[in-house]
Every structure is written in structure tokens, then in C-alpha cells.
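Dear colleague,

Please find below the structure that I am handing over to you. My findings follow directly after it.

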Amino acid sequence: MQVIISMNAPKHRVVYHKAGCIYERRIKCENRMSISKEEAEKKRYCECKYCAGLRGEMRAHAAEIRYWKKKGMAEICYDGNADTAYVTTKLGAWKIMENRFGKYYLHHLNHFTEDMPISQIKDGEYHRQADVKPTDSFCKIIHYIIDHDKAKVIMKDDFRKLPQSTKKQKKYYKQAERKAALKQRRRIDHLFALLESEAPEMKQFSIC
Ligand SMILES: [Zn+2]
């Protein structure tokens, strides 16, 4: 991740900011410099207290957060006590936390219903979203969630319409294909169970 510093800052107290931080925007253009976060840490620059961590992401990305909410794509609620960001969409709920290396990782709520109150979302059981590697990009995680929803909508209609251009998309396609086959098998099992309960002689036609 790139961070912003002021070249005008006294050598012993250089502070680095996320792009979008109000203090970053106060740095004059001619003094502004973008460097990698790793480099800033190596040089022992101080992280700005205002835009650091998850709380800082909420501040630095306030405009995007408002946009995602307005467009009905995702709603983000930050819990300062747990230092956790809860993200809800029409189809699911997620939570983002920060690990000890300053990277964000994602959990997905196991059971979600629309109009679930936030208290229930906070108390729910989650699983780690294993295909999202810890990242220092908060926005990348939100875009993953939004794309996940889009894919879910397509799958409800027909999984064969899912994109298959990238390696990851191909992997998801295969997963969806397996899920669809399993669903089909379950339907057949259910159908046989139903038929057998009405007419026991149907058992001879059962394949399993
Ligand atoms: Zn800052």
C-alpha cells in the first residue's frame, strides 16, 4: 500500500497517512510524496493516529462508504470496542478485523436473513473467508464482498452465466458447478423419498 508523507516534515518526526486522510489533504502539493507503507515503517516514520487501523479506514474512506450505502451495495458499521467493521449487504453479513501485522482479514456470517438487526449480526457465528488473503487494502475487501454478492445473484439465476476469464473466476465456476450438481442430486433424493413414502414399491427404482 502507498502512503503519503510531507517532505517538509522535520526529519525526526515524519508522519505517514493513508490517501484520503484529512491531514494528508493539508500537505501542500509540492511537499507531498507517496512511498510504500513498508518503506515508511523501515524508516521508522510514525503512523498518523487519525487514519491508522480500521477506525482510520472508516475516516479515510468516508466518501466511498457513503457511496456504497447510497447505491445499496454495502453498509459498513464500525464497532470501536471490538475494533471490528461489520459489513452488510442484501445477501449477507461480514466482519473485517485487523491482524497483528496490520493486515485486514474477512469473516462471513454463517446464517443471514434480510433485516437482521445489527446486534444479531454482531453475535452471530462466522467462518473465515479462506479465499481472501490478509491484505492492507480495506477497499479490496469491500470490493470482494460486492463481487461476491453479484456472483450470488447470477448463481441464483444460472451459474453458467458466471464469468470465467481469470483463474479465480474459473475456480468459483467449478465450485458453483459442483454445488449445482449436489443440489440436483438432493432434489432427486428428495423426490424418491417423497415417492417412496406414498408408494413403497417405488423403492426398486431408487439408485441409492
Ligand atoms: Zn492521517
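The domain assignment divides the protein into domain 1 (2-51), domain 2 (64-157) and domain 3 (161-205). Please bear in mind that the model is predicted. Between the C-alpha centres of domain 1 and domain 2 the distance is 29 Å.

Turning to the metal site, the zinc ion has as its protein donors H17, through ND1, and C21, C48 and C51, each through SG. These donors lie 2.2 to 2.4 Å from the zinc ion. The angles among the four donor atoms run from 95 to 123 degrees, and the site is tetrahedral. The site is assigned this geometry because four donors count as tetrahedral if all angles lie between 85 and 135 degrees. Along the sequence, the donor residues follow the spacing H-x3-C-x26-C-x2-C. Of these donors, C48 and C51 are both buried.

As to internal space, one cavity of 30 Å³ or more was counted. The largest cavity holds about 40 Å³ of space. Its lining is formed by M1, V3, Y16, H17, K18, K37, E47 and C51. Sorted by class, the residues lining the largest cavity comprise four nonpolar, one polar and three charged.

Two residues connect these topics: H17 and C51 are donors of the zinc ion, and H17 and C51 also appear in the lining of the largest cavity. Should you set up calculations on the metal site, the donor atoms to select in the protein are ND1 of H17 and SG of C21, C48 and C51.

With kind regards

How values were computed: Residues numbered from 1 in each chain as written. Predicted model: local features only at pLDDT ≥ 70, side-chain atom pairs only at ≥ 80, totals over all residues. Heavy atoms only, no water. Donors = N, O, S within 2.8 Å, 3.2 Å for Na, K, Ca; no water. Tetrahedral: all angles 85-135°; square planar, octahedral: opposite > 155°, others 65-115°. Buried < 20%, exposed > 50% of the residue type's maximum accessible area, 1.4 Å probe, protein only. Domains from an automatic or database assignment. 1 Å grid on protein atoms, 1.4 Å probe; cavity = no way out; pocket = protein on both sides within 12 Å on 5 of 7 lines; lining within 4 Å. Points joined across faces, edges and corners; volume = space filled by probe spheres on them. Nonpolar A, V, L, I, M, F, W, Y, C, P; charged D, E, K, R; others polar.
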